[in-house]
Amino acid sequence: MTAQALPQTETPTETRSQATRPSAQENAPLLEIRGLRKRFDLSGDFLEQLRFKGGRLVRHQEFVHAINGVDLSIRRGEALCVVGESGCGKSTVARTVMGLLSPSAGEIHYDGTRIDDLSPKALLPYRKRMQMIFQNPYASLNPRMTIQQTLEEPIRLHHPDWSRDRVTAKVREVMASVGVDPEWGARFGHEFSGGQRQRIAIARALAVDPEFIVADEPISALDVSIQAQVLNLLMDAQQERHLTYLFITHDLAVVEHFGTRVAVMYLGTVCEVAPTRTLFATPRHPYTQALLSAIPRLEDDRPQPIRLTGEVPTPVNLPSGCVFHGRCPHAEPRCRREVPRLRPQDDGGQVACHAVEEGRL
């Protein structure tokens, strides 16, 4: 990814390697996800669920099983990237962590406290500590509010005792920190480019000084020339503000540049978690291997991409056992019967695969 000059105060940061960022602290997880499940009812209202079967009226329900027993932990100061193909449940995990969706089962713990079952009032202090950056900068800003009003809103919600001058000073400070001219506060969102809007959205997330940010594909809607600038802005904010990220993306190049650890998802399940360099050097799960083999490379001697066969399963009717067994070249009868569990590996990662567990892979 390349960077180009932005107008006025926006100055791109030179792309840096992963080694220049501070490593995650060795301490208790800041966020823990335990057995998380989320399903969406496709059946409609009660009357729409009624069907005639065998001469009787029965109730028929269908569900999309978006998340199926996800276990993840994020240590303070790291950037955990969640990757996978479209529809694998990445964004659903992000929205459920932030409380925008209620889990169907499982638990979410933040800094040692379970938060998924808290009332809105009890959850408010955690809202200040946890913020979200959305994918689409054209939809995440209120078109009826100026940028000043947009950035003031979360500050006034979490600091109702602050004076007007203090709120204004905070808005100007956070705008400058993301490369947006503080004098632009009286403008509306439609007056800015996509990259500038996403910088403003990042400023809104940073306005209340959070410690944890969920970034749901924050650069996928931007031009390639702007993506590197926004990505470097997020990396700078992590260093300066000691942030922890849950970063959702499908771009493996971004993962290699940005992530501390990587979690690979397939059909609502986590199939592998590993430090970024370990995962790219020695992927263990067959799906991870196929995913990484598809990355374009310039080397002539690179291995041929692994082409998966078989039908892609539907989350409405999940396969038994391992959800990947229908496309896996290493599947055995056990894979069709038994759901694999994430098991720790010697390289510091975790893999949910019977073939890895049995030493066949």
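Which residue takes a positive phi just after H6? It is His242, at about 55°. Keep in mind that this is a predicted model.

Let me start with the helix itself. H6 covers residues 224–241, 18 residues in total. From first C-alpha to last it reaches 26 Å, close to the 26 Å expected at 1.5 Å a residue. How many of its residues are buried? The count is 14 of the 18, so H6 is largely enclosed by the rest of the structure. Part of its surroundings is the sheet. H6 lies across S5, S8 and S10, the last being residues 244–248. Its direction runs at about 155° to S10.

Now the sheet. It is open, with 8 strands and mixed pairing. Read across, the order is S8-S9-S10-S5-S11-S12-S14-S13. The edges are S8, residues 130–133, and S13, residues 343–344, each pairing on one side only.

Look at S5 and S11. S5 is residues 79–83, and S11 is residues 261–266. In which sense do they pair? Parallel, over 4 bridges. One position to find on screen is Cys81, whose bridge partner in S11 is Val262. A second helix packs on the sheet here: H9, residues 286–293. H9 touches S5, S11 and S12, and its direction makes about 105° with that of S11.

On to the cysteines. How many disulfides does the structure hold? The count is 0. Cys81 has 0% relative accessibility, so it counts as buried. Cys88 is buried as well, with a relative accessible area of 2%. Why is there no bond from Cys88 to Cys271? Cys271 holds the closest cysteine sulfur, but that atom is 9.0 Å from the sulfur of Cys88, too far for a bond.

Next, charges. Side chains of opposite charge can pair when their charged atoms come close. This structure holds 24 salt bridges. I'll take three.

First pair: Glu78 and Arg261, with the closest N and O atoms 2.8 Å apart. Glu78 sits in the loop between S4 and S5, and Arg261 in S11, so the pair ties together parts 183 residues apart in sequence. Are these two buried or exposed? Glu78 is buried at 0% relative accessibility. Arg261 is buried too, with a relative accessible area of 9%.

Second pair: Lys170 and Asp209, at 3.0 Å, N to O. Lys170 is in helix H4, residues 164–177. Asp209 is in the loop between H5 and S9. The two are 39 residues apart, and the pair links distant parts of the chain. Lys170 is buried, with a relative accessible area of 14%. Asp209, at 41% relative accessibility, counts as partly exposed.

Third pair: Glu332 and Arg360. Here the closest N and O atoms are 3.9 Å apart; the cut-off is 4 Å. Glu332 lies in the loop between H9 and H10, and Arg360 in the segment after H11, so the pair ties together parts 28 residues apart in sequence. Glu332 is partly exposed, with a relative accessible area of 37%. Arg360 counts as partly exposed at 33%.

That third pair has company. Which residues join Glu332 and Arg360 in one network? They are Arg334, Glu338, Arg343, Glu357 and Glu358, linked through salt bridges that share partners.

Notes:
Residues are numbered from 1 along each chain as its sequence is written. This is a predicted model: local features need pLDDT of at least 70, side-chain atom pairs count only at pLDDT 80 or more; totals for chains, interfaces and linings use all residues. Side-chain values use heavy atoms; hydrogens and water are left out. The expected span of a helix is 1.5 Å times one less than its number of residues. Buried means under 20% relative accessible area, exposed over 50%, partly exposed in between (1.4 Å probe, protein chains only). Two strands pair if DSSP finds at least two bridges between them. Contact means heavy atoms within 4.5 Å. Axes are lines fitted to C-alpha atoms, for helices over the stretch in contact, and angles run from 0 to 180 degrees between N-to-C directions. A disulfide is a pair of cysteine sulfur atoms within 2.5 Å. A salt bridge is a side-chain nitrogen of Lys or Arg within 4 Å of a carboxyl oxygen of Asp or Glu.
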